[in-house]
Amino acid sequence: MRNDSESAYKSAEKFAREHYENFPVISFLVKKELRKHVAVIYWFARTADDIADETNLPDEDKIINLNHFEGRLTSLLNGNFENDYEAALCNTIML
């Protein structure tokens, strides 16, 4: 794995457990070895949803932020990470 992906996976699992719109995405029903992957995918989806739901921003700004987030996805798929979450997500996607 590149960067500190294991730390990012742990943070993503914590994020999935503690997010205010939490639902049991990493419950005991998910195999233990898959939980970190489910958590980092949840981080990605939840972050995109949070960007879209920012009620204090005009729709145009939300779209700009979502486009930037989409650009980050494209970059991470090409091996360019801004943070460890992106490295972990890339690792998960490439499995």
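A residue counts as partly exposed when its relative accessible area lies between the buried limit, under 20%, and the exposed limit, over 50%. Phe 44, at 22% relative accessibility, therefore counts as partly exposed. The model described here is predicted. Its largest nonpolar core has 16 residues, and the count of salt bridges comes to six, with four aromatic pairs.

**Nonpolar core**

- The residues with the most contacts inside the 16-residue core are Ala 12, Val 40, Trp 43, Leu 76, Phe 81, Ala 88 and Leu 89.
- Two or more residues are given to this core by each of helix H1 (5-18), helix H2 (32-53), H3 and helix H4 (84-94).
- Helix H2 supplies the largest share of the core, namely five residues.
- Beyond its neighbours within four places in sequence, Ala 12 is in contact with Ala 39, Val 40, Trp 43 and Tyr 85.

**Aromatic pairs**

- Phe 15 and Tyr 42 form a tilted pair, at 6.1 Å centre to centre and with 50 degrees between the planes.
- This pair ties together parts that are 27 residues apart in sequence, because Phe 15 lies in helix H1 and Tyr 42 in helix H2.
- Phe 15 is partly exposed, with a relative accessible area of 23%, whereas Tyr 42 counts as buried at 6% relative accessibility.
- The ring centres of Phe 44 and Phe 69 are 5.0 Å apart and their planes stand at 20 degrees, so this pair is stacked.
- Phe 44 belongs to helix H2 and Phe 69 to helix H3, so the pair ties together parts that are 25 residues apart in sequence.
- Phe 69 is buried, with a relative accessible area of 11%, while its partner Phe 44 is partly exposed at 22%.
- Ring pairs also link Trp 43, Phe 44, Phe 69 and Tyr 85 into a cluster.

**Salt bridges**

- One of the salt bridges joins Glu 6 to Lys 36, with the closest N and O atoms 2.9 Å apart.
- Because Glu 6 lies in helix H1 and Lys 36 in helix H2, the pair ties together parts that are 30 residues apart in sequence.
- Glu 6 is partly exposed, its relative accessible area being 34%.
- Arg 46 meets Asp 49 in a salt bridge with an N to O distance of 2.1 Å.
- These two residues, Arg 46 and Asp 49, are three residues apart in helix H2, so about one helical turn separates them.
- Arg 46 also forms a salt bridge with Asp 50, where the closest N and O atoms are 3.3 Å apart.
- Arg 46 and Asp 50 are four residues apart in helix H2, so they too are separated by about one helical turn.
- Salt bridges that share partners join Arg 46, Asp 49 and Asp 50 into one network.
- Within this network, Arg 46 counts as buried at 8% relative accessibility, whereas Asp 49 counts as partly exposed at 30% and Asp 50 counts as partly exposed at 22%.

**Nonpolar surface patch**

- Leu 77, Ile 93 and Met 94 make a nonpolar surface patch of about 260 Å².
- Leu 77 lies in helix H3 (residues 59-77) and is partly exposed, with a relative accessible area of 37%.
- Patch residues must have over 30% relative accessible area, so Leu 77, at 37%, meets that cut-off.

Terms used: Residues are numbered from 1 along each chain as its sequence is written. This is a predicted model: local features need pLDDT of at least 70, side-chain atom pairs count only at pLDDT 80 or more; totals for chains, interfaces and linings use all residues. Side-chain values use heavy atoms; hydrogens and water are left out. Patches are made of residues with over 30% relative accessible area and no salt bridge: like charges are joined within 9 Å, nonpolar side chains (Val, Leu, Ile, Met, Phe, Trp, Tyr) within 5 Å. Accessible areas come from the Shrake-Rupley method with a 1.4 Å probe; for residues, only the protein chains shown count as cover. A salt bridge is a side-chain nitrogen of Lys or Arg within 4 Å of a carboxyl oxygen of Asp or Glu. Buried means under 20% relative accessible area, exposed over 50%, partly exposed in between (1.4 Å probe, protein chains only). A nonpolar core is a set of buried Ala, Val, Leu, Ile, Met, Phe, Trp, Tyr and Cys residues joined through side-chain atoms within 4.5 Å. Contact means heavy atoms within 4.5 Å. Rings of Phe, Tyr and Trp (its six-membered ring) pair if their centres lie within 6.5 Å; planes under 30 degrees apart count as stacked, over 60 as edge-to-face and the rest as tilted.
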